[in-house]
Amino acid sequence: MRTNPLATVRNLGILAHVDAGKTTVTERILFATGTTHKRGEVHDGTTVTDFDPQERDRGITIFAAAVSCAWDGHRINLIDTPGHVDFADEVERSLRVLDGAVAVFDAVAGVEPQSESVWRQADRHGVPRIAFVNKMDRAGADLDTAVASIRERLHPAPLAVQLPIGAEDTFTGVVDLLHMRALTWTDEGQARDAAPVPDELREEARRRRRLLEEAVAELHPGALEEFCDTGALGTGTLTGALRDLTRGGDAVVVLCGSAYRNRGVEPLLDAVLAYLPSPLDVPPIRGTHEGDGTGQRRAADPAAPLAALAFKVNATATGRLTYLRVYSGTIEKGDTVWDATARRSERIGRILRVQADRHAQLDRAVAGDIVAVVGLKSARAGSTLCAPDAPLVLEPPGVAEPVVSVAVEALKGTDTGRLASALARLAEEDPSLVVRTDPETGQTVLSGMGELHLEVAVEKIRRDQGLGVNVGRPRVSYRETVGRGVSGFVYRHVKQDGGAGQFAHVVLDVEPLDSPESGFEFRSAVVGGRVPQEYVRAVEAGCRDALAEGPLGGHPVTGLRVTLTDGSTHVKDSSDTAFRTAGRFGVRDALRACAMVLLEPVVEVTVTVPEEAVGGVLGDLAARRGRVTGSVTRAGATVVTATVPLAELFGYATRLRSRTQGRGTFTTRPTGYAPAPVPASTR
Ligand SMILES: Nc1nc2c(ncn2[C@@H]2O[C@H](COP(=O)(O)OP(=O)(O)OP(=O)(O)O)[C@@H](O)[C@H]2O)c(=O)[nH]1
Ligand SMILES: [Mg+2]
């Protein structure tokens, strides 16, 4: 039987908290697979995937970068994602097209806040993961503690399949518990041949192998059977069971190493092939028929009609690149495809296998592949491309609501037009950036996920376009919610003074929901068909119109339920439009009668500082309306967690650096919205 070539493809993401070593792991994977011939370093600005000038200057990943390599007869398409929370949307878009992921952890810090966030993101997308505990060479590195923190915070069943050999700066390799052999690396990071387990580790290795067998038998019925029959598990059974458990999300295989020292990378690649799914192993992609909206499924079959999702658009020297995950069918150079999102035909110019900023040309790409194409004009991140005769729309990745805004203007008035088109292009590449004109001040306002996100966007325009740009002070995006509701609020929309009339009469209840995050609920409690169903829908649409601008300061309104309790119609003059208008003005006026509450975005801040600087940091957090929720000191470094309104955190990076002589670091994680103390005039 010939095996399907798709079985040898892995679409893989590398996910983690900022600085855990994703880019370094990626770099070493490219080196180990012979894709590159020298090892780049983040701190030298020489890695393959951090190729943007700002990434190289800042030493962080900003844009998800796709690369491709070959290992043991398999093709691995790999996406190195950014760890900084401001770029979480890049991670979200990447997760949408991946079949599996490696979650990287710092062996000293264990599970960090952003590891938790990306883990939940991957959970939502149902992406199977294996874990790589990196930085085993660092002082204080400890695999068991890292595994315990995974168990405590991420998954009840982390299963370590290796035992480290040596520790910290004497970490030289691992015992592979599946094959009971020692894998070690030279000081230069060259892999040596597998060797027998060193005597001093033999007993511990046996004990851990036994624990692994027991844990697997407990989770996997097939393995349990063998375990009961023979009192042990063979390597074959163990590998198969670990694969099933990984793919089902029932356990997390844990490996360890030091990417920087080039140790542990080859076994990680073997584990990717052994445990993570191929495009054939994941459920068929779901979409809706473009015409009749019925649900459709497409399996990963090169002979089926084309269905591909664009997940990233990037203007480069090569042209406008659209990154695609092909779910079914085949695309060839020169093909005409249908952009089901923009509803227009597009022609595929070139197809490229992407190596970060370098490319190899391909004649075709088939189901299961991740490639970039040149020549598409309309496609955006989230667009579906499909066969013209089998139109379908795949669900696009979600886009987060921006929380921070700045006003931007060209330094020279004559550059205003150029700035506007540069901003429009940026927003096209990054859906989490929003550009709008403030209706009151006429200023151009750029909104995004955080201070750094906006800073990077503006810097990109400065560099790419050579444009001078003035940037205003950052402001957070407020929301409004209902403090106390109203019931029986009556609104009549009546225009019957000649010509075609309009008549709609609605009675509304407005009440707060449990939390501001609950969004908006609409219900109808109308009896006896006094308001027909189609008008009820129009009222709901009108409510949504009204909620875009709340009474306090024109901010979006959230966390409420509106119930249509009664109303009446007019034989001739009632219409969808009349009821939509009534819904809109009815809610607008009802909200004015409610006790409205202004909400501001709040984040959880995790600050790591030398112990002696803690006092100052706590005082500073208190001055920023922060509420400290925890503090632990380990090896002279204190980790303080606090919830702080985002508005108070502007400029915190600079402040923390100066307070701690550059030794303090912090990360943030959005936790939602909370009532703001300041009254209105926040627009
Ligand atoms: N000691 C040690 N340092 C490492 C190791 N792996 C990476 N680093 C260092 O950790 C820092 C961060 O590494 P990156 O690879 O940029 O981490 P990242 O996860 O890609 O970071 P972001 O993309 O910004 O989230 C760099 O200075 C690396 O050299 C390791 O195994 N051991
Ligand atoms: Mg990186």
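**Exercise 1. Decide whether D72 is buried or exposed in this predicted model, and locate D72 in the chain.**

Solution.
Step 1. The relative accessible area of D72 is 59%.
Step 2. The cut-off for an exposed residue is over 50%, so D72 is exposed.
Step 3. D72 belongs to the loop that joins β2 and β3 (74-80).
Step 4. A residue distant in sequence can be added to the picture: the C-alpha atoms of D72 and D270 are separated by 8.1 Å, with their positions 198 residues apart along the chain.

**Exercise 2. State which residues coordinate the magnesium ion (ligand 2), and where they lie.**

Solution.
Step 1. The coordinating atoms are OG1 of T23 and OG1 of T61, at 1.9 to 2.0 Å.
Step 2. T23 is part of helix α1, whereas T61 sits in the loop between α2 (53-58) and β2 (65-71). The two residues are 38 residues apart, and the pair links distant parts of the chain.
Step 3. The limit for a buried residue is under 20% relative accessible area. T23, at 5%, therefore counts as buried. T61, at 8%, therefore counts as buried too.

**Exercise 3. Describe how helix α9 is covered and how it meets helix α1.**

Solution.
Step 1. Helix α9 spans residues 265-275, and nine of its 11 residues are buried, which leaves the helix mostly covered.
Step 2. Among the buried residues are V265, E266, L268 and L269. V265, E266, L268 and L269 are also the residues of α9 that meet V25, R28, I29 and A32 in α1.
Step 3. By type, the residues of this contact are six nonpolar, no polar and two charged.
Step 4. The axes of α1 (residues 22-32) and α9 come within 10 Å, and their crossing angle is roughly 85°.
Step 5. Angles of 65 to 115 degrees count as roughly perpendicular, so α1 and α9 are roughly perpendicular to each other.

**Exercise 4. Give the strand order of the open sheet of eight strands, and find its edges and the helix packed on it.**

Solution.
Step 1. The order is β17-β16-β22-β13-β14-β21-β18-β19, and the pairing is antiparallel.
Step 2. β17 (344-347) and β19 (358-362) each pair on one side only, and are the edge strands.
Step 3. With direction ignored, neighbouring strands of the sheet are turned by 40° against each other on average.
Step 4. One pair inside the order is β13 (residues 307-316) with β14 (residues 319-328), antiparallel over nine bridges. In this pair, A315 stands opposite R320 of β14.
Step 5. Helix α3 (residues 88-97) packs on the sheet and touches β13, β14 and β21 (370-374). The direction of α3 makes about 145° with that of β13.

**Exercise 5. Determine how much of strand β34 is buried, and list pairings of β34 with other strands.**

Solution.
Step 1. β34 covers residues 595-610, and 13 of its 16 residues are buried.
Step 2. With β29 (residues 479-484), β34 pairs in the antiparallel sense over five bridges. Here R484 stands opposite A595 of β34.
Step 3. With β37 (residues 665-675), the antiparallel pairing of β34 has 10 bridges.
Step 4. With β36 (residues 637-645), β34 again pairs in the antiparallel sense, over nine bridges.
Step 5. V603 ties the last two pairings together: it stands opposite P670 in β37, and its bridge partner in β36 is V644.

Methods. Residues numbered from 1 in each chain as written. Chains lettered and ligands numbered in written order. Predicted model: local features only at pLDDT ≥ 70, side-chain atom pairs only at ≥ 80, totals over all residues. Heavy atoms only, no water. Buried < 20%, exposed > 50% of the residue type's maximum accessible area, 1.4 Å probe, protein only. Helix = DSSP H or I, 4+ residues; strand = E, 2+ residues; numbered from the N terminus. Axes fitted to C-alpha atoms, helices over the stretch in contact; angles between N-to-C directions. Parallel < 35°, antiparallel > 145°, perpendicular 65-115°, else oblique. Contact = heavy atoms within 4.5 Å. Nonpolar A, V, L, I, M, F, W, Y, C, P; charged D, E, K, R; others polar. Donors = N, O, S within 2.8 Å, 3.2 Å for Na, K, Ca; no water. Pairing = 2+ DSSP bridges.
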